[in-house]
Amino acid sequence: MSINLELPKHIAIVMDGNGRWASSKFLPRSSGHLKGLRSLISIVNKCKDIGVSYLTLFAFSSENWKRPAEEVSSLMNLFVNVLEKEINYLVTEGICLHVIGDITAFDSYLQSLIKIAVSKTSANNKLHLTIAANYGGRWDILQAVRSILDQNNSSILSNCDNDYDLFVSYLSMSWAPDPDLFIRTGGESRLSNFLIWQLAYSELYFTDVYWPDFNTIELEKAIKWYKSRERRFGKTSEQLLDGCKG
Ligand code: IPE
Ligand code: IPE
Ligand code: MG
């Protein structure tokens, strides 16, 4: 078997389990989100330090609006506080911030903070940190189709070899390679509408550890597991070995 020893270029994470972490400690769910933020900061730092180029984090799904209003508003306040406090950190650490999802649903102050943070960090390239906020994979595919139809005449998709590249160029993360490693914390084995197009060939790692307990050691475990996988992309193991020899 030819195993894949390279560091993943792109890691995508569903940061799940904040609420259950809090409940297990008889704390309000908002404490779980706050503690989850510390995990986020340490994982961002670690990825930057070890040379991961792209880190994409699911922070708020298009379905999370269905949660109790109090929880939604505590999450929105957390986003505002983080952006107010951490923009300079992102700038000085060389982190380029991207936000994917329909941010027009957020209040205008949060939208403006996002735009400022994205623009102030746009020249950085040490780590591309993407936050998925009010994001859904189905929304992403639909917005791509709508934009193609809006911006082109109807014959643009013509059943030719370029159709794939054209379509992908309209997806939210068209500028990034697809995730190599997908991690979901919190014990669930589902995608929950995250990057459903882009995850087609990612290695999927599920752990029971709640996101607030997910530390750099847990990240190293996930990366070690990733490095033990054989990525065949439809080929056979023998073909991969032949490719190595050639
Ligand atoms: C993930 O943790 C954070 C968000 C969805 C914003 P959850 O809040 O989903 O935590 P659980 O799954 O209820 O434990
Ligand atoms: C996915 O977690 C969304 C985020 C982590 C932001 P959920 O907790 O919303 O997913 P489900 O509802 O368990 O599928
Ligand atoms: Mg959850």
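Helices and strands are here DSSP runs, a helix having at least four residues, and they are numbered from the N terminus. The model is predicted.

**Exercise 1.** Determine which helix gives the largest share of the shell around ligand 1, and describe the contacts of this ligand.

*Solution.*
1. Helix H1 (18–24), helix H2 (29–50) and helix H3 (69–92) each provide at least two residues of the shell.
2. Among these elements, H1 makes the largest contribution, three residues.
3. The shell has 13 residues, of which Asp-16, Gly-19, Arg-20, Arg-29 and Arg-67 come nearest to ligand 1.
4. By class, three residues of this shell are nonpolar, five are polar and five are charged.
5. A polar contact requires a pair of N or O atoms within 3.5 Å. A polar side-chain atom of Asp-16 is 2.8 Å from an oxygen atom of ligand 1, and a side-chain N or O atom of Arg-29 is 2.9 Å from an oxygen atom of the ligand. Gly-17 offers a backbone N or O atom at 3.4 Å from a ligand oxygen atom.
6. On its own, ligand 1 has 380 Å² of accessible area, and the protein covers 88% of it.

**Exercise 2.** Identify the strand that gives the most to the shell around ligand 2, and list polar contacts of this ligand.

*Solution.*
1. Strand S2 (residues 54–61) gives the most, with three residues.
2. The residues surrounding ligand 2 include Phe-58, Ala-59 and Phe-60.
3. The shell comprises five nonpolar, two polar and four charged residues.
4. Polar side-chain atoms approach oxygen atoms of ligand 2 from Ser-192 at 2.6 Å, from Arg-190 at 2.8 Å and from Arg-67 at 3.1 Å.
5. Ligand 2 alone exposes 400 Å², of which the protein buries 77%.

Note on methods. Residues are numbered from 1 along each chain as its sequence is written. Chains are lettered from A and ligands numbered from 1 in the order in which they are written. This is a predicted model: local features need pLDDT of at least 70, side-chain atom pairs count only at pLDDT 80 or more; totals for chains, interfaces and linings use all residues. Side-chain values use heavy atoms; hydrogens and water are left out. A residue is near a molecule or strand if one of its heavy atoms lies within 4 Å of it. A polar contact is a pair of N or O atoms within 3.5 Å; within protein, one must be able to donate a hydrogen and the other to accept it, and residues adjacent in sequence count only if both atoms are side-chain atoms. Accessible areas come from the Shrake-Rupley method with a 1.4 Å probe; for residues, only the protein chains shown count as cover. Ala, Val, Leu, Ile, Met, Phe, Trp, Tyr, Cys and Pro count as nonpolar, Asp, Glu, Lys and Arg as charged, and the others, Gly among them, as polar.
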